[in-house]
Amino acid sequence: MSDQKIVFLGTGGTIAGTAANALDHTGLTGYTAAQIGVHDLLASLPDWQEGAERYVVEQVAQLDSKDMGFDVWVKLALRVAHHLAQDDVQGIVITHGTDTLEETAYFLQALLAPSKPVVLTCAMRPANALVPDGPQNLLDALAVASSIGARGVTVVCAGAIYGAEEVQKVHPYRLNAFSAGDAGPIGFVEQGRLRLLRDWPRGKALPLLVGLADAAWPRVEIVMSYAGADGTVVRALLKSGVQGLVVVATGNGTVHQDLESALLMVMQHGVKVVRATRCAEGRLLPGVNDALPAAPGLTPVKARIALILALMQAA
Ligand code: SIN
(Lines give C-alpha, C1' and ligand atoms only; values in the text may rest on other atoms or scores of the structure.)
Protein backbone atom coordinates (compact mmCIF):
# COMPACT_ATOMS: atom_id res chain seq x y z
CA MET A 1 0.00 0.00 0.00
CA SER A 2 1.26 3.46 -0.94
CA ASP A 3 1.79 6.14 1.74
CA GLN A 4 0.36 8.77 -0.59
CA LYS A 5 -2.81 10.61 0.41
CA ILE A 6 -6.34 9.30 0.03
CA VAL A 7 -9.06 11.91 -0.25
CA PHE A 8 -12.57 11.25 1.09
CA LEU A 9 -15.40 13.39 -0.28
CA GLY A 10 -18.80 13.11 1.44
CA THR A 11 -22.07 13.72 -0.38
CA GLY A 12 -24.63 12.08 1.93
CA GLY A 13 -26.85 9.04 1.25
CA THR A 14 -27.95 6.17 3.46
CA ILE A 15 -24.33 5.52 4.37
CA ALA A 16 -24.65 8.79 6.31
CA GLY A 17 -28.31 8.25 7.23
CA THR A 18 -30.01 7.50 10.53
CA ALA A 19 -33.19 5.56 11.29
CA ALA A 20 -35.50 5.96 14.27
CA ASN A 21 -35.06 2.24 15.01
CA ALA A 22 -31.81 0.27 14.64
CA LEU A 23 -33.70 -2.60 12.97
CA ASP A 24 -35.31 -0.38 10.34
CA HIS A 25 -33.42 -0.40 7.02
CA THR A 26 -36.02 1.25 4.82
CA GLY A 27 -37.85 3.96 6.71
CA LEU A 28 -40.76 1.91 8.06
CA THR A 29 -40.50 3.82 11.32
CA GLY A 30 -38.84 6.96 10.00
CA TYR A 31 -35.46 7.28 8.33
CA THR A 32 -33.46 10.17 6.94
CA ALA A 33 -30.49 9.96 4.58
CA ALA A 34 -27.49 12.27 4.89
CA GLN A 35 -27.44 13.00 8.64
CA ILE A 36 -23.87 12.17 9.70
CA GLY A 37 -20.85 14.03 8.40
CA VAL A 38 -18.20 12.11 6.48
CA HIS A 39 -15.58 13.00 9.14
CA ASP A 40 -17.67 11.19 11.78
CA LEU A 41 -18.35 8.21 9.53
CA LEU A 42 -14.63 7.75 9.00
CA ALA A 43 -13.66 8.37 12.62
CA SER A 44 -15.63 5.27 13.64
CA LEU A 45 -13.61 2.97 11.35
CA PRO A 46 -11.13 0.64 13.07
CA ASP A 47 -7.52 1.91 12.92
CA TRP A 48 -8.68 5.22 11.42
CA GLN A 49 -6.54 7.34 13.75
CA GLU A 50 -3.34 5.42 12.91
CA GLY A 51 -3.51 6.40 9.25
CA ALA A 52 -5.19 9.75 9.77
CA GLU A 53 -2.32 11.88 8.43
CA ARG A 54 -2.69 10.07 5.10
CA TYR A 55 -6.31 11.12 4.74
CA VAL A 56 -7.89 14.33 3.48
CA VAL A 57 -11.60 14.58 4.29
CA GLU A 58 -14.12 17.03 2.83
CA GLN A 59 -17.89 17.32 3.02
CA VAL A 60 -18.83 18.38 -0.51
CA ALA A 61 -22.60 18.00 -0.05
CA GLN A 62 -25.05 16.34 2.33
CA LEU A 63 -28.11 15.05 0.52
CA ASP A 64 -30.36 12.15 -0.27
CA SER A 65 -29.09 11.24 -3.73
CA LYS A 66 -32.60 11.23 -5.21
CA ASP A 67 -32.17 15.02 -5.01
CA MET A 68 -28.82 15.03 -6.84
CA GLY A 69 -28.50 17.90 -9.29
CA PHE A 70 -26.08 19.71 -11.57
CA ASP A 71 -24.99 22.13 -8.82
CA VAL A 72 -23.59 19.30 -6.69
CA TRP A 73 -22.09 17.55 -9.73
CA VAL A 74 -20.18 20.71 -10.64
CA LYS A 75 -18.88 21.13 -7.09
CA LEU A 76 -17.94 17.46 -6.87
CA ALA A 77 -16.26 17.33 -10.29
CA LEU A 78 -14.18 20.40 -9.47
CA ARG A 79 -13.07 18.99 -6.10
CA VAL A 80 -12.25 15.61 -7.65
CA ALA A 81 -10.26 17.27 -10.45
CA HIS A 82 -8.44 19.47 -7.93
CA HIS A 83 -7.37 16.55 -5.74
CA LEU A 84 -6.45 14.29 -8.67
CA ALA A 85 -4.07 16.99 -9.89
CA GLN A 86 -2.04 16.80 -6.64
CA ASP A 87 1.09 14.66 -7.01
CA ASP A 88 0.76 13.35 -3.46
CA VAL A 89 -2.82 12.07 -3.95
CA GLN A 90 -3.10 8.37 -4.73
CA GLY A 91 -6.88 8.18 -5.05
CA ILE A 92 -10.29 9.41 -4.00
CA VAL A 93 -13.23 7.81 -2.19
CA ILE A 94 -16.66 9.44 -2.54
CA THR A 95 -19.51 8.52 -0.19
CA HIS A 96 -22.85 8.72 -2.01
CA GLY A 97 -26.45 7.54 -1.83
CA THR A 98 -27.21 4.41 -3.81
CA ASP A 99 -30.18 5.81 -5.73
CA THR A 100 -28.33 7.96 -8.27
CA LEU A 101 -24.83 6.67 -7.60
CA GLU A 102 -24.52 5.19 -11.10
CA GLU A 103 -25.32 8.58 -12.64
CA THR A 104 -22.68 10.43 -10.63
CA ALA A 105 -20.14 7.69 -11.36
CA TYR A 106 -20.85 7.82 -15.09
CA PHE A 107 -20.78 11.63 -15.12
CA LEU A 108 -17.36 11.73 -13.42
CA GLN A 109 -15.90 9.01 -15.66
CA ALA A 110 -17.24 10.62 -18.86
CA LEU A 111 -16.01 14.07 -17.83
CA LEU A 112 -12.67 13.31 -16.18
CA ALA A 113 -11.63 9.80 -17.32
CA PRO A 114 -9.17 9.82 -14.39
CA SER A 115 -5.89 7.94 -14.51
CA LYS A 116 -6.05 7.60 -10.71
CA PRO A 117 -8.78 5.68 -8.86
CA VAL A 118 -11.99 7.52 -7.97
CA VAL A 119 -14.14 5.11 -5.97
CA LEU A 120 -17.77 5.76 -5.10
CA THR A 121 -19.20 3.85 -2.19
CA CYS A 122 -22.49 3.72 -0.35
CA ALA A 123 -24.67 1.68 1.98
CA MET A 124 -28.09 0.10 1.90
CA ARG A 125 -28.51 0.37 5.67
CA PRO A 126 -28.40 3.55 7.74
CA ALA A 127 -25.27 4.29 9.76
CA ASN A 128 -27.04 3.53 13.06
CA ALA A 129 -28.48 0.17 11.91
CA LEU A 130 -27.80 -2.76 14.23
CA VAL A 131 -25.55 -4.24 11.51
CA PRO A 132 -24.64 -1.41 9.11
CA ASP A 133 -22.97 -2.19 5.76
CA GLY A 134 -21.40 1.25 5.29
CA PRO A 135 -18.20 0.70 7.35
CA GLN A 136 -17.15 -2.41 5.38
CA ASN A 137 -17.98 -0.69 2.08
CA LEU A 138 -15.81 2.26 3.15
CA LEU A 139 -12.91 -0.03 4.03
CA ASP A 140 -13.27 -1.85 0.69
CA ALA A 141 -13.40 1.46 -1.19
CA LEU A 142 -10.27 2.58 0.68
CA ALA A 143 -8.54 -0.63 -0.40
CA VAL A 144 -9.39 0.07 -4.06
CA ALA A 145 -8.41 3.76 -3.89
CA SER A 146 -5.09 2.79 -2.25
CA SER A 147 -4.28 0.12 -4.80
CA ILE A 148 -1.35 0.91 -7.10
CA GLY A 149 -2.47 0.54 -10.71
CA ALA A 150 -6.15 1.16 -9.99
CA ARG A 151 -7.65 3.84 -12.23
CA GLY A 152 -10.91 5.30 -13.46
CA VAL A 153 -14.24 5.78 -11.74
CA THR A 154 -15.55 2.69 -10.00
CA VAL A 155 -18.27 1.78 -7.53
CA VAL A 156 -17.59 -0.47 -4.57
CA CYS A 157 -20.52 -2.13 -2.80
CA ALA A 158 -20.87 -5.42 -0.91
CA GLY A 159 -17.36 -6.54 -1.81
CA ALA A 160 -17.66 -6.02 -5.57
CA ILE A 161 -15.95 -3.42 -7.78
CA TYR A 162 -17.97 -2.15 -10.75
CA GLY A 163 -17.04 0.11 -13.68
CA ALA A 164 -18.86 3.45 -13.93
CA GLU A 165 -20.14 2.71 -17.42
CA GLU A 166 -21.78 -0.62 -16.59
CA VAL A 167 -22.88 -0.27 -12.97
CA GLN A 168 -26.58 -0.08 -12.18
CA LYS A 169 -28.65 -0.30 -9.01
CA VAL A 170 -30.79 -3.39 -9.54
CA HIS A 171 -32.34 -4.03 -6.15
CA PRO A 172 -34.20 -1.70 -3.77
CA TYR A 173 -33.34 -3.57 -0.56
CA ARG A 174 -30.59 -6.18 -0.55
CA LEU A 175 -27.07 -5.22 0.52
CA ASN A 176 -25.65 -6.30 -2.83
CA ALA A 177 -27.84 -3.81 -4.68
CA PHE A 178 -25.66 -3.29 -7.77
CA SER A 179 -24.86 -5.21 -10.92
CA ALA A 180 -22.82 -4.61 -14.04
CA GLY A 181 -25.10 -6.79 -16.16
CA ASP A 182 -23.41 -8.87 -18.84
CA ALA A 183 -20.06 -7.18 -18.23
CA GLY A 184 -19.84 -8.35 -14.64
CA PRO A 185 -17.77 -6.67 -11.93
CA ILE A 186 -14.19 -5.52 -12.47
CA GLY A 187 -13.29 -7.56 -9.44
CA PHE A 188 -13.81 -8.12 -5.75
CA VAL A 189 -12.34 -6.90 -2.47
CA GLU A 190 -11.63 -9.83 -0.17
CA GLN A 191 -10.09 -9.19 3.26
CA GLY A 192 -8.73 -5.91 1.95
CA ARG A 193 -7.13 -7.52 -1.12
CA LEU A 194 -8.25 -6.98 -4.69
CA ARG A 195 -9.07 -9.93 -6.95
CA LEU A 196 -9.38 -8.45 -10.43
CA LEU A 197 -11.31 -10.05 -13.29
CA ARG A 198 -10.77 -7.40 -15.96
CA ASP A 199 -9.21 -4.02 -16.66
CA TRP A 200 -10.04 -0.69 -15.00
CA PRO A 201 -12.23 1.90 -16.77
CA ARG A 202 -10.39 3.94 -19.38
CA GLY A 203 -11.38 6.89 -21.52
CA LYS A 204 -10.55 10.39 -22.63
CA ALA A 205 -11.42 13.42 -20.50
CA LEU A 206 -13.79 15.95 -22.06
CA PRO A 207 -12.62 19.57 -22.44
CA LEU A 208 -15.47 20.86 -20.27
CA LEU A 209 -13.88 21.36 -16.86
CA VAL A 210 -12.76 24.94 -17.47
CA GLY A 211 -15.95 27.00 -17.37
CA LEU A 212 -18.01 24.15 -15.91
CA ALA A 213 -19.06 26.26 -12.92
CA ASP A 214 -20.76 28.77 -15.25
CA ALA A 215 -21.86 26.38 -17.96
CA ALA A 216 -25.48 26.27 -19.10
CA TRP A 217 -26.78 22.72 -18.71
CA PRO A 218 -28.92 21.69 -21.67
CA ARG A 219 -32.40 20.38 -20.89
CA VAL A 220 -32.50 16.68 -21.76
CA GLU A 221 -35.52 14.58 -20.81
CA ILE A 222 -36.37 10.88 -20.94
CA VAL A 223 -39.49 9.46 -22.59
CA MET A 224 -40.47 5.82 -22.83
CA SER A 225 -41.98 3.59 -25.49
CA TYR A 226 -44.70 1.22 -24.24
CA ALA A 227 -48.00 -0.23 -25.37
CA GLY A 228 -50.23 2.72 -26.21
CA ALA A 229 -47.37 5.29 -26.24
CA ASP A 230 -47.94 8.35 -28.43
CA GLY A 231 -46.30 11.70 -29.09
CA THR A 232 -48.23 13.91 -26.65
CA VAL A 233 -45.42 14.26 -24.10
CA VAL A 234 -42.80 14.78 -26.81
CA ARG A 235 -44.81 17.60 -28.41
CA ALA A 236 -45.28 19.23 -24.98
CA LEU A 237 -41.55 18.95 -24.29
CA LEU A 238 -40.75 20.60 -27.62
CA LYS A 239 -42.97 23.54 -26.64
CA SER A 240 -41.21 23.78 -23.27
CA GLY A 241 -37.80 24.16 -24.93
CA VAL A 242 -36.28 20.71 -24.53
CA GLN A 243 -32.91 20.35 -26.29
CA GLY A 244 -32.44 16.59 -26.11
CA LEU A 245 -34.52 13.47 -25.60
CA VAL A 246 -33.60 9.94 -24.68
CA VAL A 247 -36.24 7.46 -25.74
CA VAL A 248 -36.34 4.31 -23.65
CA ALA A 249 -37.05 1.89 -26.46
CA THR A 250 -38.44 -1.63 -26.39
CA GLY A 251 -36.19 -4.64 -27.00
CA ASN A 252 -33.45 -3.94 -29.52
CA GLY A 253 -34.37 -0.27 -29.79
CA THR A 254 -37.83 -0.33 -31.34
CA VAL A 255 -40.18 2.58 -30.68
CA HIS A 256 -43.98 2.76 -30.96
CA GLN A 257 -44.77 4.25 -34.38
CA ASP A 258 -46.80 7.17 -32.93
CA LEU A 259 -44.00 8.09 -30.52
CA GLU A 260 -41.39 7.65 -33.26
CA SER A 261 -43.26 10.06 -35.58
CA ALA A 262 -43.23 12.70 -32.84
CA LEU A 263 -39.52 12.12 -32.19
CA LEU A 264 -38.69 12.45 -35.89
CA MET A 265 -40.73 15.65 -35.94
CA VAL A 266 -38.84 17.22 -32.99
CA MET A 267 -35.53 16.28 -34.59
CA GLN A 268 -36.56 18.54 -37.49
CA HIS A 269 -36.73 21.32 -34.89
CA GLY A 270 -33.14 20.67 -33.78
CA VAL A 271 -33.85 18.47 -30.74
CA LYS A 272 -31.23 15.70 -30.41
CA VAL A 273 -32.78 12.28 -29.88
CA VAL A 274 -31.08 9.02 -28.88
CA ARG A 275 -32.43 5.56 -28.17
CA ALA A 276 -31.59 3.40 -25.16
CA THR A 277 -33.26 0.09 -24.33
CA ARG A 278 -35.73 -0.92 -21.63
CA CYS A 279 -33.92 -4.26 -21.38
CA ALA A 280 -31.91 -4.66 -18.19
CA GLU A 281 -29.05 -6.48 -19.93
CA GLY A 282 -27.31 -6.55 -23.30
CA ARG A 283 -26.73 -3.63 -25.65
CA LEU A 284 -28.52 -2.21 -28.69
CA LEU A 285 -27.41 -3.76 -31.96
CA PRO A 286 -27.61 -1.52 -35.04
CA GLY A 287 -30.16 -2.23 -37.80
CA VAL A 288 -30.38 -0.96 -41.39
CA ASN A 289 -33.81 0.59 -40.76
CA ASP A 290 -32.90 2.56 -37.63
CA ALA A 291 -34.60 5.94 -37.91
CA LEU A 292 -33.22 7.26 -34.61
CA PRO A 293 -29.61 7.21 -33.39
CA ALA A 294 -28.73 4.80 -30.56
CA ALA A 295 -26.65 5.02 -27.39
CA PRO A 296 -25.43 1.41 -27.34
CA GLY A 297 -24.40 0.01 -24.00
CA LEU A 298 -25.83 2.88 -21.94
CA THR A 299 -28.85 2.75 -19.68
CA PRO A 300 -31.40 5.53 -20.28
CA VAL A 301 -30.12 7.68 -17.38
CA LYS A 302 -26.53 7.35 -18.59
CA ALA A 303 -27.53 8.00 -22.21
CA ARG A 304 -29.09 11.22 -20.89
CA ILE A 305 -25.80 12.27 -19.25
CA ALA A 306 -23.86 11.41 -22.42
CA LEU A 307 -26.28 13.55 -24.45
CA ILE A 308 -26.05 16.43 -21.97
CA LEU A 309 -22.25 16.36 -22.20
CA ALA A 310 -22.35 16.09 -26.01
CA LEU A 311 -24.65 19.12 -26.20
CA MET A 312 -22.38 21.06 -23.83
CA GLN A 313 -19.40 20.26 -26.03
CA ALA A 314 -21.27 21.34 -29.14
CA ALA A 315 -22.38 24.64 -27.56
C1 SIN B 1 -29.81 7.93 -1.29
O2 SIN B 1 -29.67 7.50 -2.44
O3 SIN B 1 -29.27 8.96 -0.90
C4 SIN B 1 -30.71 7.22 -0.33
C5 SIN B 1 -30.76 5.76 -0.55
C6 SIN B 1 -29.46 5.06 -0.34
O7 SIN B 1 -28.39 5.63 -0.18
O8 SIN B 1 -29.53 3.80 -0.34
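Q: What makes β13 and strand β14 (residues 244–249) count as paired, and in which sense, parallel or antiparallel?
A: In this predicted model, β13 and β14 share five bridges. Pairing asks for at least two bridges. The two strands therefore count as paired, and the sense is parallel. One bridge joins M224 to V248 in β14.

Q: Why is one side of β13 and of β15 left without a neighbour in the sheet?
A: The sheet is open, has three strands and runs in the order β13-β14-β15, with parallel pairing. β13 (220–224) and β15 (272–277) stand at its edges, and each has a single partner strand, so one side of each stays without a neighbour. On average, neighbouring strands of this sheet are turned by 25 degrees against each other, direction ignored.

Q: Which helices lie across these strands: what does α6 cover, and what does α7 cover?
A: Helix α6 (residues 232–239) lies across β13 and β14 and runs at about 170 degrees to β13. Helix α7 (residues 257–268) lies across β13, β14 and β15, at about 160 degrees to β14. The angle scale runs from 0 to 180 degrees between N-to-C directions.

Q: What makes β4 and β12 edge strands?
A: The sheet in question is open and has eight strands, in the order β4-β1-β5-β6-β7-β8-β11-β12, with mixed pairing. β4 (55–63) and β12 (193–196) each pair on one side only, and they are its edge strands. From one strand to the next, the twist averages 25 degrees.

Q: How do you know that strand β5 and strand β6 pair?
A: Count the bridges. β5 (residues 89–95) and β6 (residues 117–121) have four, in the parallel sense. The definition needs at least two, so the pair qualifies. I94 stands opposite L120 in β6. Helix α3 (residues 70–84) packs on the sheet and touches β1 (5–12), β4, β5 and β6; its direction makes about 170 degrees with that of β4.

Q: Which residues touch the most other members of the largest nonpolar core, and why does this core lie between the domains?
A: The core has 55 residues, and V80, I92, I94, F107 and L108 touch the most other members. Domain 1 (5–196) and domain 2 (217–314) both give residues to it, so it lies between them. Apart from this core lies another, of 26 residues, including I15, V57, V93 and A141.

Q: Which residues are in contact with I94, leaving aside its neighbours within four places in sequence?
A: They are L9, T11, L76, V80, L108, V118, V119, L120 and T121. Contact here means heavy atoms within 4.5 Å.

Q: How many residues does each domain bring to the contact, and what separates the domain centres?
A: Domain 1 brings 15 residues and domain 2 brings 13 residues. The centres, taken over C-alpha atoms, are separated by 30 Å.

Q: Why is C122 in no disulfide?
A: The nearest cysteine sulfur, that of C157, is 3.8 Å away. A disulfide needs the two sulfur atoms within 2.5 Å, so this pair does not qualify. C157 is likewise in no disulfide; its nearest cysteine sulfur is that of C122. A search of the whole structure finds zero disulfides.

Q: What makes C122 and C157 count as buried?
A: C122 has 0% relative accessibility. C157 has a relative accessible area of 0%. Buried means under 20%, so C122 qualifies, and so does C157.

Q: Why is T299 called buried or exposed?
A: T299 has a relative accessible area of 17%. The limit for buried is under 20%, so T299 is buried. T299 sits in the loop between β15 and α8 (300–314). Not counting residues up to four places away in sequence, T299 touches Q168 and A276. R283 is 16 residues from T299 along the chain, and their C-alpha atoms are separated by 9.0 Å.

Q: Why does A150 count as buried or exposed?
A: A150 has 5% relative accessibility. That is under 20%, so A150 counts as buried. A150 lies in the loop between α5 (134–145) and β7 (152–157). Leaving aside neighbours within four places in sequence, A150 is in contact with S115, K116, P117, V144 and W200.

Terms used
Residues are numbered from 1 along each chain as its sequence is written. This is a predicted model: local features need pLDDT of at least 70, side-chain atom pairs count only at pLDDT 80 or more; totals for chains, interfaces and linings use all residues. Side-chain values use heavy atoms; hydrogens and water are left out. A nonpolar core is a set of buried Ala, Val, Leu, Ile, Met, Phe, Trp, Tyr and Cys residues joined through side-chain atoms within 4.5 Å. Buried means under 20% relative accessible area, exposed over 50%, partly exposed in between (1.4 Å probe, protein chains only). Domain bounds come from an automatic or database domain assignment.
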